[in-house]
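Thanks for coming. I will put one structure on the screen and walk through a few parts of it.

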Amino acid sequence: MQSSLQIKNLQLFRQDQRLLRLNEQVNGGEILTIMGPSGSGKSSLLNWLTGTLSSSFKAEGEVWLDGQNIDQLPTHLRHIGVLYQDALLFSHLSVAGNIAFAMPKGNKKQRLEKIEQALEQVGLKGLGSRHSDTLSGGQQARVALLRLLLSEPKAILLDEPFSKLDTQLRADIRQLVFEQVRNHQLPTIMVTHDHSDAEAANGKVINLDGR
């Protein structure tokens, strides 16, 4: 069965003000882009999907992932990964330690081999033992991506993950992220202010007007 993330009959409210209505299905490898001004409900939508919506908001609707209704599940059981603006790496852990932290438990040797292979695929071969705070911004972004992918999510949310990168690095990391989304056939929702992100995603774009 093809992987899919479905938002069914969502209505999101702040107090009595309705921020958005949404009915969408995102299939594996597709990227749905959500754009809109601050306060239009973009971040609240992602929080609702992950089960972390603030009590100052109210939501009606359902989230379905691969045919299962997950909107009543706790966050850690939803299998939805998030990539943020900041890499949010643990400075006290090595690169390999940061990636291993999110991986499913298993054979230690196999996990380390998997990490080394993944690092090589994104141009970070041999950096597994480095401390994360010694890396450049672009390297940290790649490690954050690998940590997300090796946690084996069933869907991905992109919360403006390229916004703090300079123009060329932004294009490179964005291409890498989108390639991995398509290679892993993960349904993906991206929140962004940048039209170039939306164009590069090459998928459906929804504009929230913030009213």
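In which strand is the place of Asn9? Asn9 sits in strand S1, which covers residues 4-14. A word on the naming: helices (H or I, at least four residues) and strands (E, at least two) are DSSP runs, numbered from the N terminus.

Before going on, the ground rules. This is a predicted model, in which local features need pLDDT of at least 70, side-chain atom pairs count only at pLDDT 80 or more, and totals for chains, interfaces and linings use all residues. Residues are numbered from 1 along each chain as its sequence is written, and side-chain values use heavy atoms, with hydrogens and water left out.

On confidence: pLDDT is the predictor's confidence in each residue, from 0 to 100. The protein chain has a mean pLDDT of 94, and 99% of its residues reach 70 or more. Among the elements of the chain, the lowest mean belongs to H3, at 94, and the highest to strand S8, residues 188-191, at 98.

Back to Asn9. Its phi is near 55 degrees, a positive value in a residue other than glycine. Most residues other than glycine have a negative phi. Is Asn9 buried or exposed? Asn9 counts as exposed because its relative accessibility is 56%; the cut-offs are under 20% relative accessible area for buried, over 50% for exposed, and partly exposed in between, with a 1.4 Å probe and protein chains only.

Leu88 also has a positive phi, near 55 degrees. Leu88 is in the loop between strand S6 (80-83) and helix H2 (95-102).

That brings us to H2 and its neighbour. Two packed helices are described by the angle between their axes and the distance between the axes. The axes of H2 and helix H3 (residues 108-121) come within 10 Å and cross at roughly 115 degrees. Here axes are lines fitted to C-alpha atoms, for helices over the stretch in contact, and angles run from 0 to 180 degrees between N-to-C directions. The crossing is right-handed; a crossing is left-handed if the near helix is turned anticlockwise from the far one by less than a right angle, and right-handed if clockwise.

Which residues make that contact? From H2 come Val95, Ala96, Ile99 and Ala100, and from H3 come Arg111, Ile115 and Leu119. Contact means heavy atoms within 4.5 Å. By type, the contact of H2 with H3 has six nonpolar residues, no polar ones and one charged. In that count Ala, Val, Leu, Ile, Met, Phe, Trp, Tyr, Cys and Pro are nonpolar, Asp, Glu, Lys and Arg are charged, and the others, Gly among them, are polar.

The buried residues of H2 are Val95, Ala96, Asn98, Ile99 and Ala100. What covers them includes H3 and H4.

Next, helix H5, residues 167-183. Its 17 residues should span 24 Å at 1.5 Å a residue, and its end C-alpha atoms are 24 Å apart, which agrees. The expected span is 1.5 Å times one less than the number of residues. The buried residues of H5 include Ile173, Leu176, Val177 and Phe178. Their cover includes strand S3 (31-35), S6, helix H4 (137-150), strand S7 (155-159), S8 and helix H6 (195-201).

Arg174 is in H5 as well. Arg174 counts as buried because its relative accessible area is 10%. Leaving aside neighbours within four places in sequence, Arg174 is in contact with Phe162, Ser196, Asp197 and Ala200. Just after H5, Gln185 takes a positive phi of about 55 degrees.

Now two buried strand residues. Ile189 is in strand S8, and at 1% relative accessibility Ile189 is buried. Not counting residues up to four places away in sequence, Ile189 touches ten listed side by side here: Leu5, Ile7, Val26, Leu32, Ile34, Leu46, Leu49, Ile156, Leu157 and Leu158. Ile189 and Val82 are 107 residues apart in sequence and 9.6 Å apart in space, C-alpha to C-alpha.Ile156 lies in strand S7 and is buried, with a relative accessible area of 2%. With the same sequence neighbours left out, Ile156 touches Gly81, Leu148, Leu149, Leu186, Pro187, Thr188 and Ile189.

Last, Gly137 in helix H4. Gly137 is partly exposed, with a relative accessible area of 43%. Beyond four places in sequence, Gly137 touches Leu165 and Leu169.
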